[in-house]
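Trainee: Please take a close look at the salt bridges here. I would like to know which residues pair, where they sit, and what else some of them contact.

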Amino acid sequence: MKYLFYILLFFFSSVLFAISPYSAKVDSLLNIMTLDEKIGQMNQYTGSFLATGPLSDDTTIVAQIIAGRVGSMLNIIGTKNTRMMQEIAMKSRLKIPLIFGLDVVHGYKTTFPIPLGEAASFDIGLAEKSARVAATEAASAGTHWTFAPMIDVSRDARWGRVMEGGGEDTWLTTQIAKAKVKGYQGTNLKDKNTIMACAKHFIAYGAPIAGKDYNTVDISLQTLHNVYLPPFKAAANSGIGSFMNSFNELNGIPCTGNQYILRDLLKGNWGFNGFVVSDWGSVAEMVQHGFVNDKEDAAQAALLAGCDMDMESRSYTQHLKKLVETGKVSATLIDDAVKRILIKKIELGLFDNPFAYCDEELEKRTLLSPENRLEAREVAKKSIVLLKNSDNVLPISKTLKSILLVGPLMKSKEDMLGFWACEKDIASAVTPYEAILKNLPQSKVNYAEGYSLIGNQLINLKETVRKAKQSEVIVVAIGERWNETGEAKSKGNIIVPAEQQMLVTELAKTGKPIILLVMGGRPLIFNEAAQSASVILVTWWLGSEAGNAIFDVLVGNYNPSGRLPMTFPKYMGQLPIYYNYNNTGRPEQKDVSYSSKYIDIDSQPAYPFGFGLSYSTFEYSDLKLNHYFAHTDQTTTVTITVKNTGKVSGNEIVQLYIRDLVASITRPVKELKGIEKVFLQPGESKTVSFQLSPEELGFWGNDLTYKVEEGVFEIMAGGNPNQLLKSWLTLKNE
Ligand code: GLC
């Protein structure tokens with residue numbers, strides 16, 4: 001059996017690498033590399049910039065680089081520092097260049113909205129655009145490789161890393177995955193404005209029990225294939241250069257040492273020819289998992305599984321040589337890993353010129369350029385979601401007499417940028433306070449802190465109420481600080497602090513319209529404040545241009561078009577709550593005791609996935625299919641007409657959903673399968689067309705084969721998930 005494994009591995013590697021034009025070059029390099037130098041390529045250390053894991057006190061890193069024992073560094077920032085480290089690498093015997101990795105997740109220096117916020121734009125073009133800008137800035141600053149996109153689907157708002165991904169929907173996250181690979185990698189990794197991307201975290205990291213970060217994941221293989229794998233498959237098919245395995249175990253086996261997902265599925269079945277890097281220390285963490293006895297066993301398990309580079313655990317550099325020398329691992333596996341890594345370094349042009357990304361002049365004129373800021377403002381304003389606009393309070397007039405801005409988040413630059421803001425430039429972040437003060441010169445702009453940024457203690461409530469009585473409208477910023485959602489930031493309570501909500505309720509008693517800005521990195525619960533507010537805008541953490549984007553929406557420079565990429569729950573007890581659930585045999589019925597519901601709380605969310613309002617109104621009609629009976633291998637064209645029945649122009653997000661009514665395994669009550677953003681003038685109509693391929697109607701069965709089955713499908717479309725037009729499609733096999 002063991003020999004079969006190596007024969008298959010050799011076969012796959014030779015086929016795969018035969019495709020690479022650099023295979024011969026790498027083979028000749030491998031032939032002169034010592035085992036130490038080969039293992040060195042599989043070894044990655046961090047610099048001191050942004051440690052997101054336990055730091056070692058290793059003072060020998062420079063000596064190790066010169067000895068050819070280090071292949072990559074992460075968190076080395078800027079052209080000066082990357083040049084310095086690369087010069088050290090050039091002192092090594094074979095002068096193999098280092099590859100520099102960094103978490104460029106939503107911008108490098110120009111910060112874009114957090115990925116969950118950007119996903120709310122339901123605009124795949126923006127996802128690519130922001131990655132393109134981020135790649136241009138990162139590459140100009142010496143970075144070769146980003147640990148992004150994070151494409152972990154997650155249905156649990158308690159998990160802090162929901163801020164980093166595309167939300168709860170597989171289809172939307174899959175489109176984002178493809179766009180991000182294109183944005184980061186462009187068409188040629190040798191281009192000096194492209195960087196290698198990394199699909200993370202492989203796999204199902206977004207499904208931890210109880211929403212606790214790093215926690216156990218135990219899901220069925222059909223759920224793994226239907227919900228969590230598709231974005232990664234799309235990234236692999238899009239030519240992404242690397243994958244990062246996740247910290248979590250999957251069904252009892254840590255992903256770092258999981259042969260099924262790394263070697264059999266990713267490298268075997270999917271034919272992925274890039275390389276896999278572990279997450280921070282995750283190789284050694286398999287000891288804590290209780291999967292291996294010690295770091296030597298961890299190194300063996302990770303290598304056998306298909307993890308090619310060890311981030312910061314030192315398991316490979318300390319144990320692989322002995323494992324090879326004692327025959328516990330084959331040198332073939334080492335060669336396979338090193339080939340994968342070297343081919344990517346060649347594709348990045350690092351062998352042509354190890355200092356190609358070290359142009360200080362380019363760095364200076366690229367970072368935070370006016371053009372990049374404009375792009376950030378564009379993405380930010382389209383990421384804002386309007387959840388409520390009673391009496392059309394918004395947009396406000398640019399000549400209103402007075403406005404009161406309340407809450408420290410209104411002025412907090414750092415909190416505009418959110419978590420994973422990379423090489424963030426806090427000083428240059430525009431806050432709502434600054435933008436409104438600057439752009440409403442005819443208005444008296446008052447400010448009241450309202451509550452303390454740290455501790456959420458109410459401040460001077462009487463004074464705040466007095467100011468409110470003197471203002472025409474009141475804008476209150478509530479929610480989370482930048483570091484309340486992100487890695488290791490899971491929460492058992494996502495309810496907005498009572499003090500913040502009480503402040504909103506007190507201000508509403510003045511009878512003045514309250515405009516709520518809900519800031520944060522995840523869905524939040526704010527029922528009381530929502531009740532009191534006339535307007536609710538979800539503004540996430542919008543990045544460097546947050547204030548200007550919020551201003552654009554407040555005054556109607558931009559008619560909001562965002563949609564929720566995650567369900568906003570009404571109660572903690574509902575979590576995890578998501579739109580694409582299975583129906584159960586006793587679907588909830590209000591007056592039926594024995595149906596799937598709670599006896600003490602409402603099962604319905606506060607705001608559903610895909611929901612968002614506009615300053616305009618849109619009407620849908622004529623949902624049509626090009627055929628209503630089709631063969632299972634036929635593509636269906638779905639058309640629907642949308643009309644702007646409001647008084648202002650605006651973008652509308654037309655959404656297409658399906659429901660497979662009867663199948664060999666139960667299927668969700670609704671699945672997003674298409675989005676189309678249309679801009680319409682008042683009174684204008686457009687007919688939007690979607691192509692629904694058999695692939696989109698299929699699913700993975702428990703036997704892990706992909707099936708497109710006969711049967712009836714509901715086809716639904718519209719702009720609001722609660723008001724969709726419906727039609728039916730019947731598929732037959734003959
Ligand atoms: C962190 C994260 C991962 C990141 C890596 C390097 O722990 O899990 O997403 O890319 O370490 O910073």
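**Salt bridges and the ligand site**

Mentor: Start with Glu361, which counts as partly exposed at 49% relative accessibility; the label applies because exposed is reserved for values over 50%. The model is a predicted one, and these values are computed from it. Glu361 forms a salt bridge with Lys364, with 3.4 Å between the closest N and O atoms. Lys364 is exposed, its relative accessible area being 56%. Both residues belong to helix H16 (residues 360-366), and because they are three residues apart there, about one helical turn separates them.

That pair is part of a total of 44 salt bridges in the structure. Other pairs join distant parts of the chain, and Asp36 takes part in two of the bridges described here. One is with Arg69, at 3.9 Å from N to O. Asp36 lies in helix H3 (residues 35-41), while Arg69 lies in the loop between helix H4 (61-66) and strand S2 (72-74), so this pair spans 33 residues and links distant parts of the chain. The other bridge runs from Asp36 to Lys321, with the closest N and O atoms 3.1 Å apart. Lys321 is in helix H14 (residues 315-325), 285 residues from Asp36, and this pair too links distant parts of the chain. As for exposure, Asp36 has a relative accessible area of 23% and is partly exposed. Arg69, at 24% relative accessibility, is partly exposed, and Lys321 is partly exposed with a relative accessible area of 31%. None of these three counts as buried, because that label needs a value under 20%.

Salt bridges also link Asp103, Arg161, Glu164, Lys200 and Glu487 into a network. Part of this network meets the ligand: Asp103, Arg161 and Lys200 are among the closest of the 14 residues that surround the ligand, together with His201 and Asp279. The shell of residues around the ligand consists of seven nonpolar, two polar and five charged residues. In Asp103, an N or O atom of the side chain is 2.5 Å from a ligand oxygen. For Arg161, a polar side-chain atom lies 2.7 Å from an oxygen atom of the ligand, and for Lys200 the corresponding distance to a ligand oxygen is 2.8 Å. Taken alone, the ligand exposes 310 Å², and the protein buries 100% of that area.

Definitions and conventions. Residues numbered from 1 in each chain as written. Predicted model: local features only at pLDDT ≥ 70, side-chain atom pairs only at ≥ 80, totals over all residues. Heavy atoms only, no water. Near = heavy atom within 4 Å. Polar contact = N/O pair within 3.5 Å; in protein donor to acceptor, adjacent residues only side chain to side chain. Areas by Shrake-Rupley, 256 points an atom, 1.4 Å probe, with all protein chains shown as cover. Nonpolar A, V, L, I, M, F, W, Y, C, P; charged D, E, K, R; others polar. Salt bridge = Lys/Arg side-chain N within 4 Å of Asp/Glu carboxyl O. Helix = DSSP H or I, 4+ residues; strand = E, 2+ residues; numbered from the N terminus. Buried < 20%, exposed > 50% of the residue type's maximum accessible area, 1.4 Å probe, protein only.
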